[in-house]
Amino acid sequence: MTALAANDASHRTGKKVRSLTRLVESDADLLSAQLKELRLRAFPPSSLKELRKFTSGEAAKLIGVTDAYIRHLSLAGDAPEAEKTARGRRLFSLEQVHEIRRTLAKTKQSYAPNRREGEHLQVIAVTNFKGGSGKTTTAAHVAQHFAMRGYRTLAIDLDPQASLSALFGLQPEFDLQENETLYGAIRYDDARRPLSEIIRKTYFSGLDIVPGNLELQEFEHDTPKVLAERNRGSERMFFSRIASALASVEDNYDVVILDCPPSLGFLTLSALCAARSVLVTIHPQMLDVASMSQFLHMTASLLDVVEQAGGDADYDFFRYVITRFEPTDGPQGQIVGLMRSLFGERVLTTAILKSTAISDAGLTKQTLYEVGRENFVRSTYDRALESLDGAHVEIENLVKEAWGRAV
């Protein structure tokens, strides 16, 4: 090829690349504008996402008492005044449920699940290398479970795709400004902010969030430059950044849930070093299990390097969570059986079912805890809720064991 022909080919190739860039950017702008319009229809600027109210039976279950006892407290004036439906059913907000719990805790401490003296902040990383394993859905449901049970809970979205943030009613490209993700608290320059300034309240009483967006990718770009510095101090080590940020707010929380990116970058490694416990979500399909094998190999290799550099990778518990499980699917059953035979108690006893109730709730950017039973076929809703609650109670019991409490 002559130099002239090569230059012409290069020019044509460059033109295609620039054209593709403009096309992708245009599509992104169109999609963002449409998403904004759809959100404005569903949630006008003056409105905020709200959590539904809970029946007295649901409130009693969350607190650990009977429905009759809630009724007794109400009649005695020891419970907040509930909203009543046309049929006379009493409905409590989550804050009112917490208020009842605090009242009961005055006479019996076990009703207050908060951390006690000597109990460490429980940081749980939810992770998987492969997308589609139910990682973010699991992180959201686990965080909400702890909040509903009365634990002071913080959810942190570490995924630049920000699906967890979207579930909590935040649209990253419109609702977040610069330095309003965790990146603002772990960056290496003078623009770093205290984590307490970035944390946001949610419509879930007792549950706060640190939202995410594409800004988190900056940490992946900045860290190699810092690693190349000859005179970097220990405070600039990437694997300690998230742990240091959490240490500044640990007195305010009992449990922190980290929704990690579906990759083994510096963000994920820093999260794993900050975590006291790890949940790995698994969709029981052969391709997913095969990719998880690679994920575990790479994780072990990278954590070994981090430990040699002074990082902490000791955990209270490490568990595999079976998600989107179809009990009638023979091959899935075989894979779950294989997992249990290989890993024993490291696989949670309860598998989270694949359910139209969970899927349909997700279509409206809600979790199953946010939608009422009346919106679904009751048997479908009950099966899905039973599987979620079963898995979450196991996780809660593991946290209690790590704190040295009786289960």
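This passage walks through a predicted model of one protein chain, from its overall make-up to a few local details.

Taken as a whole, the protein chain has 15 helices and 10 strands. It runs to 407 residues, and buried residues make up 48% of them. Contacts reach well along the sequence, too: of those in the protein chain with a separation of 6 or more, 76% are between residues 24 or more positions apart.

One helix pair gives a feel for the packing. Helix H2, which covers residues 56-63, and helix H4, which covers residues 94-105, have axes that come within 10 Å and cross at roughly 45°. That angle makes H2 oblique to H4, because it falls in neither the roughly parallel range (under 35 degrees) nor the roughly perpendicular one (65 to 115). As for handedness, the crossing of H2 past H4 is right-handed. On the H2 side, the contact is made by Ala59, Leu62 and Ile63, while H4 brings in Val97, Ile100, Arg101 and Leu104. Sorted by character, the residues of this contact come out as six nonpolar and one charged, with no polar ones. The charged one is Arg101 of H4.

Aromatic rings turn up in pairs as well, nine of them in the structure. Tyrosine 188 and phenylalanine 219 make up a stacked pair, with 5.6 Å from centre to centre and 5° between the planes. With planes under 30 degrees apart counting as stacked, that 5° explains the label. Tyrosine 188 sits in the loop between helix H8 (183-186) and strand E6 (200-201), whereas phenylalanine 219 belongs to helix H9 (residues 217-227), so the pair ties together parts that lie 31 residues apart in sequence. Tyrosine 188 and phenylalanine 219 are both buried. Elsewhere in the list of aromatics, Phe146, Tyr151 and Trp403 come together as one aromatic cluster.

A last stop is threonine 138, a residue of helix H5, which spans residues 135-148. Its relative accessibility is 6%, and since anything under 20% counts as buried, threonine 138 is placed in that class. Leaving aside residues up to four places away in sequence, threonine 138 touches Val126, Thr281, Thr323 and Ile352.

Methods
Residues numbered from 1 in each chain as written. Predicted model: local features only at pLDDT ≥ 70, side-chain atom pairs only at ≥ 80, totals over all residues. Heavy atoms only, no water. Axes fitted to C-alpha atoms, helices over the stretch in contact; angles between N-to-C directions. Helix = DSSP H or I, 4+ residues; strand = E, 2+ residues; numbered from the N terminus. Parallel < 35°, antiparallel > 145°, perpendicular 65-115°, else oblique. Left-handed = near helix turned anticlockwise from the far one by under 90°. Contact = heavy atoms within 4.5 Å. Phe/Tyr/Trp six-rings, centres within 6.5 Å; stacked < 30°, edge-to-face > 60°. Buried < 20%, exposed > 50% of the residue type's maximum accessible area, 1.4 Å probe, protein only.
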